[in-house]
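Please look at the sequence and the model side by side before reading on. The briefing below goes through a few features slowly, so that each can be found in the picture.

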Amino acid sequence: MVNNIIKEAQENSQLEKLAHELMDVIGPRLVGTPQMKRANDWAVAKYTDWGIAARTEKWGEWRGWERGTSHIDMVYPRTKTLEGMQLAWSPNMKKAVTAEVIIIPEVADSLAFQKWMPAVKGKFVLVSMHQPTGRPDYNWQEFATPESLEKMKKQRTVQTEAWQKRLRKTGYTARTLPVALEKAGAAGVVQSNWSNGFGVNKIFGAFTKKIPTVDISLEDYGLLYRLTESGHKPKIKVHTESKENGVVPAFNTIAEIKGTEKPEEYVILSAHFDSWDGGTGATDNGTGTLTMMEAMRILKKVYPNPKRTILVGHWGSEEQGLNGSRAFVEDHPEMIPNIQAVFNQDNGTGRVVNISGQGFLNAYEYVGRWLTEVPQPIRSQIQTSFPGTPGTGGSDFASFVAAGVPAFSLSSLSWSYGTYTWHTNRDTYDKIVFDDVRNNAILTAILAYMASEDPNKTSREKSVLPINVRTGEPAKWPVPAKPTRRGGLN
């Protein structure tokens with residue numbers, strides 16, 4: 001069976017085709033967007049084509065929003081098209097607005113800031129720090145003299161602390177400042193959420209409701225900032241389009257291969273389906289999605305009659321707090337005692353290199369035994385830690401762990417994930433390392449097969465957790481958290 005799994009994965013892989021359809025054709029999958037719904041329907045159709053029963057399950061509702069185009073140009077003191085985009089949920093602009101750019105000033109306190117606030121009327125306001133360098137640290141470490149590197153780091157630390165102090169004196173936070181600027185009549189909010197690498201910014205959501213919030217590249221943001229500081233009064237022209245679609249239903253996509261001997265016991269493959277929408281969600285979590293889809297396709301072909309039911313969950317709104325998987329756990333209490341194991345993959349395109357026991361005392365026995373059937377070239381890459389400690393968040397496995405289910409994160413090799421693709425504008429198809437994803441699909445399929453065939457039900461005995469250094473008492477096992485069933489509206 002293991003040989004058949006490997007053979008199918010290597011000789012008939014569908015990963016590249018699936019990746020193109022999901023990332024290039026459908027695109028990013030922000031909760032509440034039409035692209036998210038299209039992805040749900042696409043996955044159901046794909047599973048159906050493979051002969052696997054599939055469905056969507058509504059777990060809640062979300063603000064319906066659809067991204068349009070973003071055009072951001074500097075028009076004075078010279079003309080230049082700027083690299084940037086509106087943030088998710090940024091409001092639609094009926095027409096382009098041209099206005100001067102200003103910077104959050106250095107003030108004595110919040111009262112002084114309130115006196116300054118009328119100055120924002122009709123202006124675009126820069127709210128991010130001007131970075132002293134656009135080169136990531138590894139580039140400095142490779143080429144700079146030790147003295148130059150130390151000087152840069154010191155300058156950046158001083159500048160960062162000064163900027164944080166400047167923002168604190170306004171009396172607002174990163175969340176409340178854009179709203180205050182909107183109320184004061186600003187034309188728009190301009191930020192640059194640099195991700196510490198060449199060409200990468202984090203793209204999250206807007207807090208404004210009537211004026212645009214845009215993120216622009218470090219290079220172009222620095223240009224505007226320096227021109228403003230030197231008194232050249234730059235002007236930019238901004239036109240962003242988006243569409244509000246009211247309140248829309250939000251779904252998980254579920255597919256299952258029914259068990260023949262123990263159909264009411266479950267092996268669950270898990271990956272969140274949603275993404276942020278600065279890129280196309282390729283490594284967060286397109287590659288986790290591809291791993292689980294390909295594993296299910298392989299299992300249906302070579303292991304169509306599993307002993308236990310093998311179910312895959314493609315969860316919605318993980319990025320806003322594990323909402324889809326938390327809802328599934330809450331909505332299916334009858335399943336929870338009968339889940340043999342959950343295998344979740346979320347953190348990038350790299351091959352799996354770490355599996356923790358998540359605090360389950362005997363996880364070493366069954367997970368270790370299942371891993372012995374994995375080919376040595378894949379197994380040798382994986383470091384295990386047993387019993388480990390229970391995950392409290394970070395990805396959807398934690399929703400199951402909190403309910404006492406043996407749920408394991410198949411944690412991946414970095415491939416500069418945190419800097420270059422996690423929630424960034426560069427998380428696109430070309431960052432996928434298909435050989436690694438293929439290995440992960442093989443690993444997942446074998447683990448699912450072994451968990452399904454295991455004559456024994458997995459132990460749920462919990463280990464004694466380590467002492468909490470703050471309280472001096474043993475750490476507590478996480479408890480199930482409520483999902484947000486209706487979101488994005490406030």
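What follows is a short account of confidence, an annotated span, three helix contacts and some backbone details. The structure is a predicted model, and the mean pLDDT of the protein is 97, with 100% of its residues reaching 70 or more.

**Confidence and annotation**

- When the elements of the protein are ranked by mean pLDDT, helix 12, made of residues 376–379, comes lowest with a value of 97, while strand 10, made of residues 308–315, comes highest with a value of 99.
- An unreviewed UniProt entry carries the annotation "domain: Peptidase M28", and according to that record the domain covers residues 252–441.
- In the model, the span of residues 252–441 is 32% helix and 23% strand, and the C-alpha atoms at its two ends lie 21 Å apart.

**Helix 2 against helix 9**

- Helix 2, which runs over residues 15–26, and helix 9, which runs over residues 282–302, have axes that come within 10 Å and cross at roughly 135°.
- An angle counts as oblique when it falls outside the ranges for roughly parallel, roughly antiparallel and roughly perpendicular, the last of these being 65 to 115 degrees and roughly antiparallel beginning over 145; helix 2 and helix 9 are therefore oblique to each other.
- The crossing in which helix 2 passes helix 9 is right-handed.
- On the side of helix 2 the contact is made by L15, L18, A19, L22 and M23, and on the side of helix 9 by A282, G286, T289, L290, M293 and E294.
- Sorted by class, the residues of this contact of helix 2 with helix 9 comprise 8 nonpolar, 2 polar and 1 charged.

**Helix 2 against helix 15**

- Helix 2 also packs with helix 15, which spans residues 434–453, at an angle of about 110° and with the two axes 11 Å apart.
- Helix 2 and helix 15 are therefore roughly perpendicular to each other.
- Helix 2 contributes L15, E16 and A19 to this contact, and helix 15 contributes F434, V437 and R438.
- The contact of helix 2 with helix 15 has 4 nonpolar and 2 charged residues, and no polar ones.

**Helix 11 against helix 15**

- Helix 11, formed by residues 363–371, packs with helix 15 at an angle of about 125°, and their axes are 9 Å apart.
- This angle makes helix 11 oblique to helix 15, and the crossing of helix 11 and helix 15 is right-handed.
- The residues that make the contact are R369, W370 and L371 of helix 11, together with L443, L447, M450 and A451 of helix 15.
- In the contact of helix 11 with helix 15 there are 6 nonpolar residues and 1 charged residue, with no polar residue.

**Backbone details**

- Y76 and P77 are joined by a cis peptide bond with an omega of about 10°, and P77 is placed in the loop between strand 1 (53–76) and strand 2 (80–81).
- D284 and N285 are likewise joined by a cis peptide bond, with an omega of about 5°, and here N285 is placed in helix 9.
- W89 is not a glycine, and yet W89 has a positive phi of about 70°; W89 can be found in the loop between strand 3 (84–86) and strand 4 (97–103).

Terms used:
Residues numbered from 1 in each chain as written. Predicted model: local features only at pLDDT ≥ 70, side-chain atom pairs only at ≥ 80, totals over all residues. Heavy atoms only, no water. Axes fitted to C-alpha atoms, helices over the stretch in contact; angles between N-to-C directions. Helix = DSSP H or I, 4+ residues; strand = E, 2+ residues; numbered from the N terminus. Parallel < 35°, antiparallel > 145°, perpendicular 65-115°, else oblique. Left-handed = near helix turned anticlockwise from the far one by under 90°. Contact = heavy atoms within 4.5 Å. Nonpolar A, V, L, I, M, F, W, Y, C, P; charged D, E, K, R; others polar. UniProt positions renumbered as here; feature names shortened; annotations may be inferred. pLDDT = per-residue confidence, 0-100.
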